[in-house]
Amino acid sequence: MEILTQLIVSAISSGTPLLLAVLGGILIERSGITQLGAEGLMLMGAVTSCLLYIHTGSLALAILCVLIVSGLLGLLHGVLSVSLHANQVVCGLAMTIFGTGLSAYLGKPVSGQPLTGAVPKLHLAWLENVPFLGKIFAHMDLFTWFSFVLVLVMHLFIHRTSWGLHLRAVGDNPATADVMGIPVIAIRYGCVIIGSMLIGLGGADLLLVYTPTWNEGMTSGRGWIAVALIIFARWNPIRALVCAYFFGVLDILGFRVQLIGSHIPSYFLKMIPYLVTILVLMYLGWRNRNKPSGAPEALGVPYIREQRF
């Protein structure tokens, strides 16, 4: 039971950065904008939080700067995709390349410096004595609790509010939404900026909580995994939580297998989460080949007012 508890706690810690990135991607893609720049945004969020925390010692200031930097990158992506009607796939790839290169340059002076205890944990004394659950949830960090609340808020927002209905209308049929008086451009800009902030926050969580040391390319493809998990979750926040922690379990299993003295090369163990991601994508594509994908119908299609189709 103790081993199972440690595995679950480690899986949640590993999956939380992914969960934040997936939630940000869901918000962006629900508005009809393709998001392939998650890798670059996570790296920029990680390096920004590292630089600000080392130089100021303030967690609040570091998080604020992460939100500002990620929001500005999201604004840039919005200008290209929404206003200039650029190819959204190319914009996302450019964002990834730009974020990867700039983060590597900015992070050189602080590479390898440890940041322990940056994010405080929320100690719930009343939960400590609850069997099994107490050991898992009684001492979680603030980022993890924030991600739990965010899942619930996003689910209620998308499926239970009029603004969520407007968001889905913009993602499925922006022309009809525009005719009905819904501010298509404003909603897309807002979703891209806020979603980018959440993705950058996922990168900050990865550095401040899970791997508290900056290393170049430390996301190791997690941004691309987040893009895949958006599809797994079928653009649903509740399913995103399950998918993110499923990947977290796979990620942690590789370390656990090494600890028990397995002779399997570590490179193969690190491949497990990514290999499973590819296999699941193939399976879902085959199983749902004759069914609706669940994606917003106007995803990746630029909206030009009064354009005739």
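This briefing walks through a cavity, some helices and a few single residues of one structure. The model is predicted. It holds one cavity of 30 Å³ or more. A UniProt record places several transmembrane regions along the chain. Helix α10 is largely enclosed by the rest of the structure, because nine of its 11 residues are buried.

**Transmembrane regions in the record**

- The UniProt entry is unreviewed, and its "transmembrane region" feature covers residues 6-29, 60-82, 89-107, 136-158, 189-211, 217-235, 242-261 and 267-286.
- In the model, residues 6-29 are 100% helix and 0% strand.
- The C-alpha atoms at the two ends of residues 6-29 are 34 Å apart.
- Residues 217-235 are 58% helix and 0% strand.
- For residues 217-235, the end C-alpha atoms are 27 Å apart.

**The cavity**

- Rolling a probe the size of a water molecule over the atoms shows where empty space is left.
- How many cavities of 30 Å³ or more are there? The count is one.
- The volume of the largest cavity is about 30 Å³.
- Its lining is made up of L229, F232, F246, F247, L250, P273, V276 and T277.
- Three elements give two or more residues to this lining: α10 (222-232), α11 (237-259) and α12 (266-287).
- Seven of the lining residues are nonpolar, one is polar and none is charged.

**Helix α10 and the loop after it**

- The buried residues of α10 are R222, G223, I225, A226, V227, A228, L229, I230 and F232.
- Two of these names, L229 and F232, also appear in the lining of the largest cavity.
- R234 comes just after α10. It sits in the loop between α10 and α11.
- R234 has a positive phi, near 55 degrees, and is a residue other than glycine.
- Is R234 buried or partly exposed? Its relative accessible area is 29%, so R234 is partly exposed.
- W235 lies in the loop between α10 and α11.
- The phi of W235 is also positive, at about 60 degrees, although W235 is not a glycine.
- W235 counts as buried because its relative accessibility is 5%, and the cut-off for buried is under 20%.

**Helix α7**

- Helix α7 runs over residues 162-172.
- Which residues of α7 are buried? They are G164, L167, V170 and G171.
- These residues cover an arc of only 120 degrees around the axis, so they are on the same side of α7.
- The buried residues of α7 pack against α1 (2-30), α6 (142-160), α8 (174-179) and α9 (184-210).

**Buried residues in α6 and α9**

- S147 is part of helix α6.
- With a relative accessibility of 0%, S147 counts as buried.
- Beyond its neighbours within four places in sequence, S147 contacts T16, L19, L20, L23 and Y245.
- S196 belongs to helix α9.
- Its relative accessibility is 1%, so S196 counts as buried.
- What does S196 touch, not counting residues up to four places away in sequence? The partners of S196 are I28, Q35, L41, S70 and G74.
- A204 is also placed in helix α9.
- A204 counts as buried because its relative accessibility is 0%.
- Not counting residues up to four places away in sequence, A204 touches G45, A46, S49, I63 and V66.
- A204 and H159 are 45 residues apart in sequence, and their C-alpha atoms are 28 Å apart in space.

**An exposed loop residue**

- M180 is in the loop between α8 and α9.
- Is M180 buried or exposed? Its relative accessible area is 66%, so M180 is exposed.
- The cut-off for exposed is over 50%.
- M180 and N236 are 56 residues apart in sequence. From C-alpha to C-alpha, M180 and N236 are 25 Å apart in space.

Conventions. Residues numbered from 1 in each chain as written. Predicted model: local features only at pLDDT ≥ 70, side-chain atom pairs only at ≥ 80, totals over all residues. Heavy atoms only, no water. 1 Å grid on protein atoms, 1.4 Å probe; cavity = no way out; pocket = protein on both sides within 12 Å on 5 of 7 lines; lining within 4 Å. Points joined across faces, edges and corners; volume = space filled by probe spheres on them. Helix = DSSP H or I, 4+ residues; strand = E, 2+ residues; numbered from the N terminus. Nonpolar A, V, L, I, M, F, W, Y, C, P; charged D, E, K, R; others polar. UniProt positions renumbered as here; feature names shortened; annotations may be inferred. Buried < 20%, exposed > 50% of the residue type's maximum accessible area, 1.4 Å probe, protein only. Arc of directions from axis to C-beta. Contact = heavy atoms within 4.5 Å.
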